[in-house]
Amino acid sequence: MIHVGVDLARSTKSAMERENNKKAINRKILTLCVIYQRPRVLLGMKKKGFGAGRWNGFGGKVEEGESIEEAAVREVREEAGIEVSSIRKAGIIEFTFENDPKVLEVHIFKCGSFMGEPTESEEMRPQWFHIDEIPFKEMWSDDIYWFPLFFKGKRFKGRFRFDKPSTAEYAAKIIESELIEVEDF
Ligand code: 6OG
């Protein structure tokens, strides 16, 4: 009986490990940095790749050996040609897509001051927008929900599930969502 118990525990553990490994493989950690100088915000038109044709903050994948914050600063440098000095985490949102095991864990940062002049890159065309004129219709459909919290200086956590992966020609619909304010992460 004892042996059976031990074996069971062992096989349960390895099944759990396998499940966790699968989750880790499918999870991508991404950054998204929004430059906010009240009452204006700097967005970029994504020129190619995932989310092309939409305005968004600047960001991308966290590379091996760098922290999430380091990745956020690097991505703004590469995509908008500016050097942000201090960034503050505003939110973490998990994105999933129907019939797709991928989980995008996006860390959203607020940044006020920077050095240099926003410059168009291969990936992004930067442009300032007044906060009353954010082009939500040409953005990911989750943005209209969390931008108000971002502008109010709130911290938030959330998850959005889309009906299918989105291309510029197809506006993905949100089929499930959750968004809450948090004290800290
Ligand atoms: P690259 O794949 O180009 O980075 N991102 C999203 N942003 C919003 N607002 N909504 C989404 O809903 C998003 N999915 C990804 C994270 C992709 C960039 O786009 C952001 C990154 O900044 C699905 O390396």
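This is a short talk on the ligand shell, the main nonpolar core and one residue of helix 1 in a predicted model.

I'll start with the ligand. There are 16 residues around the ligand, and those that come nearest are Leu32, Gly59, Gly60, Phe95 and Trp140. Sorted by class, this shell holds 3 charged, 6 polar and 7 nonpolar residues. Which elements supply at least two residues each? Strand 1, residues 27-37, and strand 6, residues 100-111, both do. Strand 1 gives the most, with 3 residues.

Next, the core. The largest nonpolar core has 29 residues, and the members that touch the most others are Cys33, Val34, Ile35, Val76 and Ile108. At least two residues of this core come from each of the following: strand 1, strand 2 (40-46), helix 2 (68-80), strand 5 (87-97), strand 6 and strand 9 (155-162). So that you can find one of these members on the screen, take Ile35. Setting aside neighbours within four places in sequence, Ile35 is in contact with Val41, Leu42, Cys111 and Phe114.

Last, a residue of helix 1. Ile25 sits in that helix, which covers residues 2-26. Is Ile25 buried or exposed? A residue counts as exposed if 12 or fewer other C-beta atoms lie within 10 Å of its own. Ile25 has 10 within that distance, and therefore Ile25 is exposed. As for its position relative to Arg155, the two are 130 residues apart in sequence, and their C-alpha atoms are 27 Å apart in space.

That is the end of the talk.

Conventions: Residues numbered from 1 in each chain as written. Predicted model: local features only at pLDDT ≥ 70, side-chain atom pairs only at ≥ 80, totals over all residues. Near = placed C-beta within 6 Å. Helix = DSSP H or I, 4+ residues; strand = E, 2+ residues; numbered from the N terminus. Nonpolar A, V, L, I, M, F, W, Y, C, P; charged D, E, K, R; others polar. Core = buried A, V, L, I, M, F, W, Y, C linked by C-beta atoms within 7 Å. Buried ≥ 20, exposed ≤ 12 C-beta atoms within 10 Å, placed from the backbone. Contact = placed C-beta atoms within 7 Å.
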